[in-house]
Amino acid sequence: MTCAVRESGGGWWCAGVRWPGEVPELGWSRGGRRRVSVLAYGAGLGFRAVGERHCVGARGNVCPLGAVVPGRSTGGRCAECARLDRAHSVAADTMADDPRTYRVYLAWFGPGLVKVGITGEERGAARLREQGAVAFSWLGRGPLMAARRTEEVLRAALGVPDRIPYARKRVERGHLPDTDERAAEVAELYARAAALEGRGWPESLERLPLEVVDQVGIFGLGRVPEAESGPEPVPLPVSAPVRAVRELVDGGVVAGRLVAAAGPDLHLAVTGGGVVVLDTRLITGWDLAAESGSDVRVPLIDIGGGGVQGGLF
């Protein structure tokens, strides 16, 4: 698949990966227009960054300054728009009178890598897919402040965080244990959390039964995709991702075959073999043009924390 076709008078800005269902999509904006590209594993994906990267604005509004933002920023917003966006988020605790129902969840990203969080019930599991949770279970449902209070109680009592850096998720994603082991760790955390009911657990939060949802299949992790080679498809050698795009630059090209996606990350099998991770939060705010090939280097960095290295897409 080739995306972000450039039209006369300007290109399309990428809004990053969205997970409205079990299939990832790339959102695009151009002025007040919006488009979506549905992503398919095994399909080609390629684009070229043009010009400068600009602030994506806040809460659906265009940045009034048209500010230029750094290429390595995963937020893609200037300081003022970032402040406005944060001020109206659930995490800011400025919506105490929100009448909607919220859910508390337990998310698993790798051995020993678990977190607790909340999301609006009407969103379903979209938030878990957006974060790249490999497995999860709902824990409870209720009013916003009860859900927030439960989240705080669990963090303090169980010693689990409410955030996990994406860099850590990427490292663990390439070395996942089997399904039973993943489910067992989620179940163990659920049992510890349920034991706190009546001890700081808000009465207005209804506990939900344990039901571990595994998302490895949705993300395409562990697949061996096929590539066309002659009349019969042959396995495409794909190992665990070991490199990640550090930033885009004017004229920089990203191109490869999409083999997996988790959260904002796209896993691309690139020319010459190997898999590179593209965090789509790094491409928001760029004017992107369609690209079928690649001869421009983009900065890459070892996922495991090693030195920076160059690489051709």
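Trainee: How many helices and strands does the protein chain have?

Mentor: There are 6 helices and 18 strands in the protein chain. Keep in mind that this is a predicted model.

Trainee: And how much of the chain is buried?

Mentor: Of the 313 residues in the protein chain, 49% are buried. As for the outside, the chain exposes about 14300 Å², with 51% of that supplied by carbon and sulfur atoms.

Trainee: What share of the contacts between residues at least 6 apart in sequence join residues at least 24 apart?

Mentor: In this chain the share is 66%.

Trainee: Let's turn to a single residue. Where is Arg53 found?

Mentor: Look in the loop between strand S4 (44-50) and helix H1 (79-87). Arg53 is buried, yet it has no salt bridge.

Trainee: Why does Glu247 not count as a salt-bridge partner for Arg53?

Mentor: A salt bridge needs the side-chain nitrogen and the carboxyl oxygen within 4 Å. Glu247 is the nearest side chain of opposite charge, but it is 7.9 Å away from Arg53.

Trainee: Which backbone oxygens, then, does the side chain of Arg53 reach?

Mentor: One belongs to Thr284, at 2.7 Å from the Arg53 side chain. Another is the backbone oxygen of Gly71, which lies 3.4 Å from a polar atom of that side chain.

Trainee: Back to the surface: which residues make the nonpolar patch of about 230 Å²?

Mentor: Val23, Val36 and Val38 make that patch. Val23 has its place in the loop between strand S1 (12-18) and strand S2 (25-30).

Trainee: Why does Val23 count as partly exposed?

Mentor: Partly exposed covers the range between the 20% and 50% cut-offs. Val23 counts as partly exposed because its relative accessibility is 41%.

Terms used. Residues are numbered from 1 along each chain as its sequence is written. This is a predicted model: local features need pLDDT of at least 70, side-chain atom pairs count only at pLDDT 80 or more; totals for chains, interfaces and linings use all residues. Side-chain values use heavy atoms; hydrogens and water are left out. Helices (H or I, at least four residues) and strands (E, at least two) are DSSP runs, numbered from the N terminus. Buried means under 20% relative accessible area, exposed over 50%, partly exposed in between (1.4 Å probe, protein chains only). Lys and Arg count as positive and Asp and Glu as negative; His and the chain ends are not counted. A polar contact is a pair of N or O atoms within 3.5 Å; within protein, one must be able to donate a hydrogen and the other to accept it, and residues adjacent in sequence count only if both atoms are side-chain atoms. Contact means heavy atoms within 4.5 Å. Accessible areas come from the Shrake-Rupley method with a 1.4 Å probe; for residues, only the protein chains shown count as cover. Patches are made of residues with over 30% relative accessible area and no salt bridge: like charges are joined within 9 Å, nonpolar side chains (Val, Leu, Ile, Met, Phe, Trp, Tyr) within 5 Å.
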